[in-house]
Structures are given as structure tokens and as C-alpha cells.
Amino acid sequence: MNSTTTTTEASKQYVPLTCHGHSRPVTHLSYSGVVGSSGAESSSYLISACKDNNPMLRDGITGDWIGTFFGHKGAVWQARLSADASSAATASADFSAKVWDTHTGEERVTLKHDHIVRAVAFPPNSSNIVATGGHEKKLRIFDLDKIDSIEKVDGLTVIKADAAFEIGAGVHKGMIRAIVWTNQADILITAADDKVIRWWDLGRGEVIQEYVVDGNILSCELTNVKGTADGFGGTEPILTVAAGRTVYFFGGKLAMDHLKSIKLDYEIASVALHPTQRKFVTGALGDTWARVHDLDSEQEITVHKGHHGPIWSISYSPDGKLYATGSEDGTIKMWKNCDGPFGLWGAYGTR
């Protein structure tokens, strides 16, 4: 272990920002990409999914509430923003996914399913194409520009699931828990409860790679922080997966190359990677702490305490200067991850 890194990390006990507003467990967090800059700070947005039915949009640096999306009638399991942050997509237990206009907060369309929707994703180049998955074990692609079978219900636009294009019928043997679109618009990744990660070629409608993991997959995300040539995995985004007691890292142009696996001594609920700082943060099923680990030594560097329930989702901001955690306790916390003043943290904002 690099003792200098460890000492530096251990001394950085910044008071986290706590974001209130949700009334039930926070199930998923997702940052937008960089959408602008103010001085030396890059602007971004953070969206949260929650069992209170009401996803929320926040400023990605300060955590300030921007708006709440009202309309779901069941727990929201996942929420994501389009690349330009103009649209949001949410997956819910009310048998629907919804697409929202983030500027007005209005619902653009409801994608009606036949069972609980657990996963949703946008491609890297469009806010009018949405992938969904969930308890039906079906991967569906909705192209909102090309679907003609649209209904109006109480003044809202509704599209039924059979209007979507199903990919790989019958392949998933368990609930689809996560969908991740790579930087290549024709390659998409699913993680299911059959303990298999699958890479899909959408043009061919086929699986091009499968990887079986050792436990239940509870987190599957691409890195938000832009990599560097000398960072872990180079300049391409890294797929980071938490399954059972193991964290898996996949890199390369299509995030298909298995780079590394790290076995921990606890069941992992969530994970996020900072590739240039070569460290990752985990939440555990059995406690309430965010644990920071050194990627190379695989040792725990420090523990951030403050939540009162397990941490179900972790996401680094796109500039890597903070990470956000969403917990069973219904709060989001934002933890500073850089030297000097940043956002609402002043030069002396340590404890």
C-alpha cells in the first residue's frame, strides 16, 4: 500500500452535504455528464430514484433541489439522465417506465409494461431512444421517434410494451436488474438475476459476450469520471459491477475486457470507481458506511460514516471531485473528494 496515499485519504474527513427530501429508501443515483462550467467548477446534475415514487433532480455540486417528477404510482427503482441532461428516464414498480422533460418537469411519455420495471437507459447520442428491463426478463428498445401506436390517457402519452423492439427473447433467465449503454450506440450491457452480465450487439440482436459472476448483482455502472492514458483502464469508461462479495472491473472500447476482480469480506450493495485516482467506494449490505479502497493494494483506505441505513447506490460526479451516496435512510450524502475549497465546502471545511 502507498502510505502517502493512505495518510492523505485518512486526513480528508470532510463534512458531507446531506440532501433531504425523499421520504423512503433511495434506490439509485445517476449523474449527468458535464453540462457547463462556472469558473473552475464543472456543472452537472444528479437524479435520484426512491421508493417514495418521486424521483428528484439536483444540482450535481451543491445537491440543491431543482425539481421532483410526479406521476409514478409505485417505487422507482432506477433513474437516468440523457447525455445532454434534457431528458430523464425512470423505471418503476407501477409496471411502467417514464421519460421526462428535465427543463419543465413534465412527463413526455409513459412506457407501459406488464410487470415491474427495474432498469432503464439512454444511448450516448439520443434522448428519444430508451431501453428497459425488469421482472418480465425482457430487454426492450423504444424508439420514440418511430413508434406510431400511441395512446392518450388522461391527457398523457402512453406507449404499450408491444410497440417496442425486443432484443434476445428468452435469453435472460432472471430479472434484468441493470442496463448500461456503452459509448458505442449499438452495444448495450445487461445484468440479470441469473448472475450473468451480457453484452449485446443491437444491430444483430445477439449476445456477443457473457460473463458469469459469483453472486447476486446489486450494482452495475459505467464510470462517470473520464479516464486518462495512465489511469486504470486508460481513456475508456470502466464497467464496475458488485456481485456477492466481489467487485468486477471491465474495460476496453466496449467495456468487455475483464481487467480485475477484487474479493472483499462482506456482501457488497453498491460500488463506484474513480479510475484516475485508482480507488473505489463500496456500500455493504450489513452496515451503513461508505468504504474507500485502494485499487492496486486492494486495501481499505478510509471509512465515511453518516448514513443510518445501507448504501444502495454510489456515483462519482463527472469531474471526480465528489461522490454521492443514496441510502435506505432516505437521504443522499455528497462527499468531497479533492483538495482545497470546492462547491459549498470552504477551505476549512474539514473536521
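Strands are DSSP runs of E of at least two residues, numbered from the N terminus. In this predicted model, Ala131 is placed in strand E13. The relative accessibility of Ala131 is 0%, and because buried means under 20%, this residue counts as buried. The surroundings of Ala131 were examined with its neighbours within four places in sequence left aside; the residues in contact with Ala131 are then Ala119, Val120, Ala121, Leu139, Arg140, Ile141, Ile179, Trp181 and Leu188. One of these, Ala121, is ten residues from Ala131 along the chain, and the C-alpha atoms of the two are separated by 5.2 Å.

Strand E13 (129–134) also borders a loop, which runs between this strand and strand E14 (139–143) and holds Lys137. Most residues other than glycine have a negative phi. Lys137, although not a glycine, has a positive phi of about 65°. With a relative accessibility of 36%, Lys137 counts as partly exposed. Phe95 is another residue other than glycine with a positive phi, in this case near 70°. Phe95 lies in the loop between strand E9 (87–92) and strand E10 (96–101). The relative accessible area of Phe95 is 34%, so this residue is partly exposed.

The packing of nonpolar residues was considered next. In soluble globular proteins, nonpolar side chains tend to be buried together. The largest nonpolar core in the model has 17 residues, and those with the most contacts inside it are Ile197, Ile217, Cys220, Leu239 and Val241. At least two residues of this core come from each of E18, strand E19 (187–192), strand E20 (196–201), E22, strand E23 (239–243) and strand E24 (246–251). For Ile217, again leaving aside neighbours within four places in sequence, the contacts are Arg177, Ala191, Ala192, Lys195, Val196, Ile197, Val241, Ala242 and Ala243. Ile197 and Val241 thus appear both in this contact list and among the core residues with the most contacts.

Empty space was also examined. Rolling a probe the size of a water molecule over the atoms shows where such space is left. The largest pocket has a volume of about 920 Å³. It is lined by 37 residues, of which Tyr31, Asn183, Leu222, Thr223 and Asn224 are the closest to its centre. Two or more lining residues are given by each of strand E2 (26–31), strand E8 (76–81), strand E18 (176–181), strand E22 (217–222), strand E26 (268–274) and strand E30 (311–316). By type, the lining of the largest pocket consists of 21 nonpolar, twelve polar and four charged residues. Strands E18 and E22 contribute to this lining and also to the largest nonpolar core.

Definitions and conventions:
Residues numbered from 1 in each chain as written. Predicted model: local features only at pLDDT ≥ 70, side-chain atom pairs only at ≥ 80, totals over all residues. Heavy atoms only, no water. 1 Å grid on protein atoms, 1.4 Å probe; cavity = no way out; pocket = protein on both sides within 12 Å on 5 of 7 lines; lining within 4 Å. Points joined across faces, edges and corners; volume = space filled by probe spheres on them. Helix = DSSP H or I, 4+ residues; strand = E, 2+ residues; numbered from the N terminus. Nonpolar A, V, L, I, M, F, W, Y, C, P; charged D, E, K, R; others polar. Core = buried A, V, L, I, M, F, W, Y, C linked by side-chain atoms within 4.5 Å. Buried < 20%, exposed > 50% of the residue type's maximum accessible area, 1.4 Å probe, protein only. Contact = heavy atoms within 4.5 Å.
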